[in-house]
Structure formats: structure tokens, C-alpha cells
Amino acid sequence: MKLTKTLKSTIFIAFHLIAPPVASHPNCEPLETYQAPYVSSTYSRSSHMGSYYELAFRDLYPAPPHSDCQHTSKFVVDDYEYDETFRFSVIEFGTTIPTKTLISMKDTAVDLVVDQVMQNITIMNRDLPSNSSTTFHTTVIAFSPHISPNSSQYEWLIEFTCGSEGNPLIPLLFPNDFVGINLYSKSSPHSPRGNSNLLEM
């Protein structure tokens, strides 16, 4: 059964009422200005792909203890696009609610900046088709100078999102538009190597 736009918007708002109020922030600068100096000349998309744990974040979903077990898998589609499957659990009233989001990352005219489009959200094995006209502007701002052992991936990386288009609800929920940051690692949260990665970031 397809959901109406009104119902989807209501679910979206209700979901975010779990999280505490978000303070205003300065307007977004061009995303490339937030990158560490080495990023633009050494970034490799192939090393960015694969599976990661999320160690820390500020994002659309609620913060701990209302969420847990955030992890992501990224796969190349073609030279200009990659897909991401992001999974986490919402924990409310003693109930764990498994959630999965399929995200499409499409290159923009600015190097290393992608338009992030949520294609589909699944909650407790029920699909909630999203409004694919909503885009978030995202870039990699830092990554580990070394590759994860036994793989060709970065051991850790930081993605930064600032600004959105196509959804009038976003500025209402997030003053001055949405700003998010995601700290990813090949190592799980609270593990010795994961903690070491956080210190490096």
C-alpha cells in the first residue's frame, strides 16, 4: 500500500519528535571548504566503499540511547554514483525497531560533493517509499591516512552534510537547514581499535 505525502510527512515529523530540539547553526559554506587539506588530492572512491560501523553522529535519526547498531554498506553503481544501505535500530519503550534506508549518492559539479537521495526506508520489514525529490549535500571531509588491515578500504572516514533541497519540512525541523556529521570506522563502537579511530578523528 502506498502512503500519501501527508502521511509520510506525519511519520517523518513523529519520528523526529523522539530527538531533542536542534539549535540553529551558521549557514552552510561551500562543502569543499570543510575538507582537510589532503582530501581533494588523495581521496579514492574505491577505498571509501564497503562496510563501516558508525561510531558517532549528528543526523536525522535520534541519538543514543534511542538508537543503536548503526552500520552502513556502500557500493559503486557507476563512475558518477554509488548506493548506500544504512541500518540501525530505534529503541523506544523497551522495543527495538530495526530500520533500513537505501540511499543514492550522485556526483555534483563540485568535486567530492554528492547529492544524497533517500530512495526507500524500511521499518520493521515494512517499506515506506520516500520523497526522492529531497536531496542532502554531502562530502568526505577527512579519512585515515592508512588502509584498514586485510582490506583496501579506509580504516575510518568522516562524512559531512550541510544543506538540502526539495523538502520544506527540513528547514522547519532544523533551523538554517540540516547539518549532519557521520564518523565511520571499520571497527565496532567501544572496541579498542574503534576507540583509537575516534581519537585520530
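A residue is called buried when its relative accessible area is under 20%, and exposed when that area is over 50%. The exercises below apply this to a predicted model.

**Exercise 1. Describe the protein chain as a whole: which elements does it have, and in which pattern do they follow one another along the sequence?**

Begin with the count, which gives five helices and nine strands. Next, read along the sequence, where the pattern is α-α-α-β-β-β-β-β-β-β-β-α-β-α. Then turn to burial: of the 201 residues in the protein chain, 44% are buried. The surface can be added to this, since the protein chain exposes about 10800 Å², with carbon and sulfur atoms supplying 59% of that area. Finally, consider the contacts between residues at least 6 apart in sequence, among which 54% join residues at least 24 apart.

**Exercise 2. Determine how strand 8 is joined to strand 7 and to strand 9, and how many of its residues are buried.**

Take strand 7 (residues 135–143) first: seven bridges join it to strand 8, and the two run antiparallel. One pair to locate in the structure is F143 with its bridge partner L157 in strand 8. Now take strand 9 (residues 179–185), which is likewise joined to strand 8 by seven bridges and runs antiparallel to it. Here the pair to locate is W156 with its bridge partner S185 in strand 9. The last step is the cover of strand 8 (residues 156–165), which is mostly covered, with nine of its 10 residues buried.

**Exercise 3. Establish what surrounds the charged side chain of E81, and why no salt bridge is assigned to it.**

Place the residue first: E81 is found in strand 3 (residues 81–92), and it is buried. The nearest side chain of opposite charge is that of K106, 4.7 Å away; because a salt bridge requires a distance within 4 Å, this pair does not qualify. A polar partner is nevertheless present, as the side chain of E81 makes a polar contact with the side chain of S104 at 2.7 Å. Leaving aside neighbours within four places in sequence, the contacts of E81 are R45, V76, S104, M105 and K106.

**Exercise 4. Follow the contact from E81 to R45, and state which residues R45 touches.**

Locate R45 in helix 3 (residues 45–48). Not counting residues up to four places away in sequence, R45 touches V76, D79, Y80, E81, Y82, D107 and V114, so V76 is a contact of both R45 and E81. As a further check on distance, R45 and F75 are 30 residues apart in sequence, while their C-alpha atoms are 9.9 Å apart in space.

Note on methods:
Residues numbered from 1 in each chain as written. Predicted model: local features only at pLDDT ≥ 70, side-chain atom pairs only at ≥ 80, totals over all residues. Heavy atoms only, no water. Helix = DSSP H or I, 4+ residues; strand = E, 2+ residues; numbered from the N terminus. Buried < 20%, exposed > 50% of the residue type's maximum accessible area, 1.4 Å probe, protein only. Lys, Arg positive; Asp, Glu negative; His and termini not counted. Polar contact = N/O pair within 3.5 Å; in protein donor to acceptor, adjacent residues only side chain to side chain. Contact = heavy atoms within 4.5 Å. Pairing = 2+ DSSP bridges. Areas by Shrake-Rupley, 256 points an atom, 1.4 Å probe, with all protein chains shown as cover.
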